[in-house]
Amino acid sequence: MTVEETYLEGCFVITPKVFRDERGYFYESYNQIIFKELIKKNINFVQDNISRSSKGVLRGLHLQRGIYAQAKLVKVLQGSVLDVAVDLRGDSKTFGKYYSIILDSEKHQQLYIPRGFAHGFHVLEENTVFSYKCDNFYNNISESGIIYNDKTLNIDWKISGDVTISKKDIMLPPLEDFII
């Protein structure tokens, strides 16, 4: 397993060693001891979530605030997504910057997103299955986020064709209205 820190401090791309043969493949997707050693932080994941989405679905940009803030370890089990993390930590030198990566079921890469980041993804293939570990439990009162098409962020979501976004996500505020 290799870990590479992105230009957003504390946000890491994790690439597993995949063993392939005529039967298929095997890889270790998570090992708490190795993970802690590689990112130099002790994270206790308490909740796993899985979503299945059709091509063109865009989910995000979401985060939880306050005592329910969440760090996430995200990956794709089937299909592919353009995954995006936005630094919304008020004291960060990269506040308002984003990192994007294509996560798919071929490379099996994961993205570790620390607390204080908004997260979203655009589904690039039909029947994509997305998985993420969280280090805190979901709490609807602490939900927050940024509108996906914020002009300041100017994220290239790789949208070609129709996009499906929830009514709730369309109502998220722009970055300029985000209260730290």
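This is a guided tour of one structure, stop by stop, saying what to select next and what is there. Keep in mind throughout that the model is predicted.

**Stop 1: an aromatic cluster**

Begin by selecting F12, Y30, F35, F45 and Y112, and show their side chains, since these residues are linked into a cluster by ring pairs. The structure holds nine aromatic pairs, and two of them are worth looking at one after the other. A pair of aromatic rings is described by how far apart the centres are and by the angle of the planes.

Take F12 and Y112 to start with: their ring centres are 6.4 Å apart and their planes stand at 35 degrees, and because an angle from 30 to 60 degrees is neither stacked nor edge-to-face, the pair counts as tilted. If you follow the backbone from one ring to the other, you will find that this pair links distant parts of the chain, as F12 belongs to strand β2 (residues 12-15) and Y112 to strand β10 (residues 110-113), 100 residues apart. Are these two residues buried or exposed? Both F12 and Y112 are buried.

Now move to Y30 and F35, which form another tilted aromatic pair, with 5.5 Å from centre to centre and 55 degrees between the planes. The surroundings of these two residues can be read from their accessibility: Y30 has a relative accessibility of 23% and therefore counts as partly exposed, whereas F35, with a relative accessible area of 4%, is buried. Before leaving Y30, add K133 to the selection, and you will see that the charged end of K133 sits over the ring of Y30, 5.2 Å from the ring's centre.

**Stop 2: the loop around E28**

Select E28, which is found in the loop that runs between β4 (24-26) and α1 (32-39). With a relative accessibility of 38%, E28 counts as partly exposed. Which residues does E28 touch, once its neighbours within four places in sequence are left aside? The contacts of E28 are with M1, P16 and I34. You can also draw a line from the C-alpha atom of E28 to that of K17, a residue 11 places away along the chain, and the separation comes to 7.6 Å.

**Stop 3: the largest pocket**

Next, show the surface and select R59, H62, K72, Y132 and E143, which lie nearest the centre of the largest pocket, among the 26 residues that line it. This pocket has a volume of about 590 Å³. Two or more lining residues come from each of β5 (47-53), β6, β11, β12 (128-134), β13 (143-145) and α2 (167-170), and β6 gives the most, with five residues. If you colour the lining of the largest pocket by residue type, you will find 10 nonpolar, 11 polar and five charged residues.

While you are in this region, select I50, which lies in strand β5 and which, at 61% relative accessibility, counts as exposed. Not counting residues up to four places away in sequence, I50 touches L77, V129, F130 and S131.

**Stop 4: the cavity**

How many cavities of 30 Å³ or more does a search of the whole structure find? The search finds one, and the largest cavity holds about 40 Å³ of space. To see its walls, select L63, Q64, Q70, K72, I113, P114, F117 and H119, which line the largest cavity; β6 (58-64) and β11 (117-123) each supply at least two of the lining residues. This lining divides into four nonpolar residues, three polar ones and one charged one.

**Stop 5: details of the backbone**

Finally, hide the side chains and look at the backbone itself. Select G60 and L61, which are joined by a cis peptide bond with omega at about 5 degrees; L61 is found in strand β6.

Then compare K40 and H108, neither of which is a glycine, yet K40 has a positive phi of about 60 degrees and H108 has a positive phi of about 65 degrees. K40 has its place in the loop between α1 and β5, while H108 lies in the loop between β9 (98-104) and β10. As for their surroundings, K40 is exposed, with a relative accessible area of 70%, whereas H108, at 2% relative accessibility, counts as buried.

Conventions
Residues are numbered from 1 along each chain as its sequence is written. This is a predicted model: local features need pLDDT of at least 70, side-chain atom pairs count only at pLDDT 80 or more; totals for chains, interfaces and linings use all residues. Side-chain values use heavy atoms; hydrogens and water are left out. Rings of Phe, Tyr and Trp (its six-membered ring) pair if their centres lie within 6.5 Å; planes under 30 degrees apart count as stacked, over 60 as edge-to-face and the rest as tilted. Helices (H or I, at least four residues) and strands (E, at least two) are DSSP runs, numbered from the N terminus. Buried means under 20% relative accessible area, exposed over 50%, partly exposed in between (1.4 Å probe, protein chains only). A charge sits over a ring if NZ of Lys or CZ of Arg is within 6 Å of the ring centre and within 35 degrees of the ring normal. On a 1 Å grid over the protein atoms alone, a cavity is a set of points where a 1.4 Å probe fits but cannot get out, and a pocket is an open set with protein on both sides within 12 Å along at least five of seven lines; lining residues have an atom within 4 Å of a point. Grid points are joined across faces, edges and corners, and a volume is the space filled by probe spheres set on the points. Ala, Val, Leu, Ile, Met, Phe, Trp, Tyr, Cys and Pro count as nonpolar, Asp, Glu, Lys and Arg as charged, and the others, Gly among them, as polar. Contact means heavy atoms within 4.5 Å.
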